[in-house]
Amino acid sequence: MHAFPTEWARAQFPALQLAIEGQPAIFLDGPGGTQVPEPVIKAVCDYYRKNNSNLGGKFITSQNTAELVQRARVQLAEFLNARAPEEIIFGANMTTLTFSLSRALGRTWRPGDEVIVTSLDHDANITPWRLAAGERGTVVRTWEVDLETCTLELADLQRLLSPRTRLVAVTLASNAIGSVIDVASVCRLAHGSGAQVFVDAVHFAPHGPIDVQGLDCDYLACSAYKFFGPHLGVLWGRSQLMEQLESYKVRPAPGCAPGKWETGTQNFEAIAGVQAALAYLREVGYRTSGQAILHDAMNVIREHETHLGQAFLEGVRSQHRIEIYGSADPEACGARTPTFAFRVHGVTPAEVAEKLARAGIFVWSGHFYAVDLVDRLGLAKDGGLVRAGFVHYNTLEEVERTLDALARI
Ligand SMILES: Cc1ncc(COP(=O)(O)O)c(C=O)c1O
């Protein structure tokens, strides 16, 4: 195993060259969207230059586009460890795909059925289910976040599950505070009650390997712009379920998956880009383990990010004005993503973000659409939280510079 190729990785991302008042910018905005490596930019441009077309034509650009979409499905199936490429569905983004699935699933629910959402999740994994349930007279139960740990306790889920539960919608990792949820256990419990599980993997995807078969979930969604690709949503669904469900589609569209879920013309240039993002990740794997295997690459990234997270939390320990929400234990960094939510005593989150931006450090502030979590924490009227999110292209030097900048606030 070789050392993590930080210098090589950073050289792939043109955006990282940005300087603010002579200092290199530090991108800690990854949970809102990561930067893209040069091969992704090239793949998007090349698609327009060489293959721009719609599907179904007898001519070469149309045929190339069809091949490109199929190749991308195969690669995403590997990324998620899906059973077949046909289980991969493209769409505008996670939110739109979740609305589409929620409408189709809602049609199978009856009054008195129950669905479970969490107060830890991004709203894209709450409101679509609430609205679908509202249309069917289905009861929505909330799996409340434990405010001490900012995570979800399985015992609380167990109390909510009943023979009427049709679906549990849960995140793989919190986009606000980085806690990782034991979704395999969620699936075991939910399936034991006869319920299905929809997983929001948007935040987790850039930080570690996803294995839909290992998790044994039923549906999972992610977004390529969070894992170094273009703005594109990806939905995975167990093929048997996706075939049975009735999708909302226009007439000549195919009656089988994935086509029956992919409404309208797809974003082919983004689909070209996501392939290049996965090829980039494969190369990270090759440069560390000698094998271009996606899951190995994501494990290596997870390990590297753990060091960044530990350094950040160790540095924060001596800054008594900073309060971390969620796990602040450097030893427990392997069990979370390096996404840290905090407040600086006496300064609003927006002011912290502004001051850091002036120092060339990009963080988000507010609720990050984790509206229930921020509400439960009692911070909704108080500006929410500051969020610093590290990804694999960040460095220990950047962690140090961020800690210095925070100490000066
Ligand atoms: C955890 C999580 N879920 C869902 C979403 C929504 O994703 P999209 O922008 O693809 O709709 C986001 C976006 O920030 C997210 O972080």
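## A tour of helices, rings and one buried serine

Start by selecting helices H11 and H14, which pack at an angle of about 25° with their axes 9 Å apart. Bear in mind as you go that this is a predicted model. Angles under 35 degrees count as roughly parallel, and H11 and H14 are therefore roughly parallel to each other. Their crossing is right-handed. To see what makes the contact, show side chains on both helices: H11 brings His-307, Leu-308, Ala-311, Phe-312, Gly-315 and Val-316, while H14 brings Leu-396, Val-399, Thr-402, Leu-403 and Leu-406.

**Next stop: the phenylalanines**

Now look for aromatic pairs; the count for this model comes to 15. Keep Phe-312 on screen and add Phe-340: these two rings form a stacked pair, 4.9 Å centre to centre with 25° between the planes. Colour the secondary structure and you will find Phe-312 in helix H11 (residues 294–317) and Phe-340 in strand E12 (residues 339–344), so this pair ties together parts that are 28 residues apart in sequence. Are Phe-312 and Phe-340 buried or exposed? Both of them are buried.

From Phe-340, step on to Phe-390. Here the geometry is edge-to-face, at 6.3 Å centre to centre and 65° between the planes. Phe-340 is in strand E12, whereas Phe-390 is in the loop between strand E15 (385–389) and helix H14 (396–408), so the pair ties together parts that are 50 residues apart in sequence. Phe-390, like Phe-340, is buried.

**More rings to select**

Select Trp-8, Phe-13, Phe-228, Tyr-280 and Tyr-393 together: ring pairs link these residues into a cluster.

Then move to Tyr-248 and bring up two arginines. Which part of Arg-103 sits over the ring of Tyr-248? That is its charged end, 3.9 Å from the ring centre. Arg-107 also lies over the face of Tyr-248, at 4.1 Å from the ring centre.

**Last stop: Ser-53**

Finish by centring the view on Ser-53, in the loop between helix H2 (38–51) and helix H3 (60–80). Why does Ser-53 count as buried? Buried means under 20% relative accessible area, and Ser-53 has 13% relative accessibility, so this serine counts as buried. Draw a distance from its C-alpha atom to that of Asn-64, 11 residues apart along the chain, and you should read 8.7 Å. For its surroundings, leave out residues up to four places away in sequence; Ser-53 then touches Tyr-47, Phe-59, Thr-61, Ser-62, Thr-65 and Phe-268.

Technical notes. Residues numbered from 1 in each chain as written. Predicted model: local features only at pLDDT ≥ 70, side-chain atom pairs only at ≥ 80, totals over all residues. Heavy atoms only, no water. Phe/Tyr/Trp six-rings, centres within 6.5 Å; stacked < 30°, edge-to-face > 60°. Helix = DSSP H or I, 4+ residues; strand = E, 2+ residues; numbered from the N terminus. Buried < 20%, exposed > 50% of the residue type's maximum accessible area, 1.4 Å probe, protein only. Lys NZ or Arg CZ within 6 Å of the ring centre and 35° of its normal. Axes fitted to C-alpha atoms, helices over the stretch in contact; angles between N-to-C directions. Parallel < 35°, antiparallel > 145°, perpendicular 65-115°, else oblique. Left-handed = near helix turned anticlockwise from the far one by under 90°. Contact = heavy atoms within 4.5 Å.
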